[in-house]
Protein chains: 2
Amino acid sequence: MHEALFKYIKNQSAISLSTKEVGMLLDIFVPKKLRKRQFFLQEGEVCNYGGFIVKGAMRQYSVDAKGAEHIVQLMLENWWVGDQESMAMGTPSSYFIDAWEDTEILQVATKHFDLMRSIPAVAKMGLILSDRNVAALQKRIHDSISLSAEQRYDKLIKTHPEFLQRFPQHIIASYLGITKETLSRIRHEATNK
Amino acid sequence: MHEALFKYIKNQSAISLSTKEVGMLLDIFVPKKLRKRQFFLQEGEVCNYGGFIVKGAMRQYSVDAKGAEHIVQLMLENWWVGDQESMAMGTPSSYFIDAWEDTEILQVATKHFDLMRSIPAVAKMGLILSDRNVAALQKRIHDSISLSAEQRYDKLIKTHPEFLQRFPQHIIASYLGITKETLSRIRHEATNK
DNA sequence: CGCGGGTTTGATGATGCTCAAGCCCGGTGG
DNA sequence: CCACCGGGCTTGAGCATCATCAAACCCGCG
């Protein structure tokens, strides 16, 4: 089960892991199963664990005063899960994170983060992923301030077609910042072309 | 002039700098002045330099097919400037970055990034800033998919009142993803309360 | 068969955009 | 000193986009 993680670290960092390092990772990454709809994190809790998704699908979202969910992130295999802000600052999270499919993750406590960074491959990977993450977030901001609902949907089809396979439309709609009705109409239009 | 940078690094990392490290930073951070409207980066260029803003105000934005500007980031004193994606991947940027006020920055080539990270205080600062940056970007995404124009403006007043002092309204509007007319009306409403 | 989650459809209305015009105000040059 | 100019801000009318609410539909499953 940890194989997916080791492979991922090597791929991203282009650095191999010593047997000692592998042993360390085996110790601090503990396998965990999440059923569909099971919470990984709830609003108000401090996020003391990160996780690497081996198999499954998860979502990160807030719930507003009217009970409506707003999806800020969708995650699939080989993604890292956790509320970055809460983990970094140690503050209570304003998000929920739960499994949308039955999911297997490797969980690691935030207190082990420094230890992890002592492994060259992991440190390198962390820097690379962080940069990539920032780039992706900035693009999403750019899209959200400059594109229409339809344009954002078209872009999602190109950049994350997997999402459309794995999540129902009302979740995709929320991720795009529109209602499920609007998304339905956009799709209807699209097929008539 | 480098004092602001040293102070910033120490504050953020809570680690002091040796005289040798200070010397290194003096070597690789070169002062540069930018006049108002002068470009730091243009669309299509690879961003080979980062910068630390000592004094001034800058903006990062794209220009769409109709010539409209979309502000993705506003930056003031003690902020880092540069297109993260272009710097990290070495790809041509899709953004413009320019000075909105006459600005003084300390410029550092991306090729020196590894060298910089060999300084403990800088490495630590990098991790902290990166986390903070991700948290801020995620919040902005959350706001943009879940709040109305007026709510976003109210939030900006609380989180970045400085922006309203330093940038004209049409730039603030673009940053919020609305038109200057809409922002004007929102402000008009607000005063009648 | 009936239930529940997800999707669609329609009617209506709010929100925010576009285009066009006018205003305000701090320069600059005659 | 005044006229004019330009950038920024405001105001208005009309329109496009998108949200809301309500109802119906679809389909896999117990």
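These legends go with four close-up views of a predicted model. Residues are numbered from 1 along each chain as its sequence is written, while chains are lettered from A and ligands numbered from 1 in the order written. Local features need pLDDT of at least 70 and side-chain atom pairs count only at pLDDT 80 or more, whereas totals for chains, interfaces and linings use all residues.

**View 1. Two copies related by a two-fold axis.** A turn of 180 degrees and a shift of 0.0 Å along the axis lay chain B on chain A with an RMSD of 0.0 Å (least squares on C-alpha atoms of residues with pLDDT of at least 70 in both). That is how a two-fold axis relates copies.

**View 2. Where chain B meets chain A.** Each chain brings 21 residues to the contact (C-beta atoms, placed from the backbone, within 7 Å). On the chain B side, α5(B) gives the largest share, 13 residues. That side divides into seven nonpolar, 10 polar and four charged residues. The copies meet through the same surface, because 100% of the interface residues of chain B are also interface residues in chain A.

**View 3. The surroundings of DNA strand D.** Of 16 residues around the strand (C-beta within 6 Å), A:Ala149, A:Thr182, B:Pro168, B:Gln169 and B:Ser184 come nearest. Look for α9(B), which gives the most to this surface, six residues. By class, the surface has three nonpolar, seven polar and six charged residues.

**View 4. Around B:Met58.** Beyond its neighbours within four places in sequence, B:Met58 is in contact with residues including B:Phe40, B:Ile53, B:Met75 and B:Trp100.

Notes: Helix = DSSP H or I, 4+ residues; strand = E, 2+ residues; numbered from the N terminus. Nonpolar A, V, L, I, M, F, W, Y, C, P; charged D, E, K, R; others polar. Contact = placed C-beta atoms within 7 Å.
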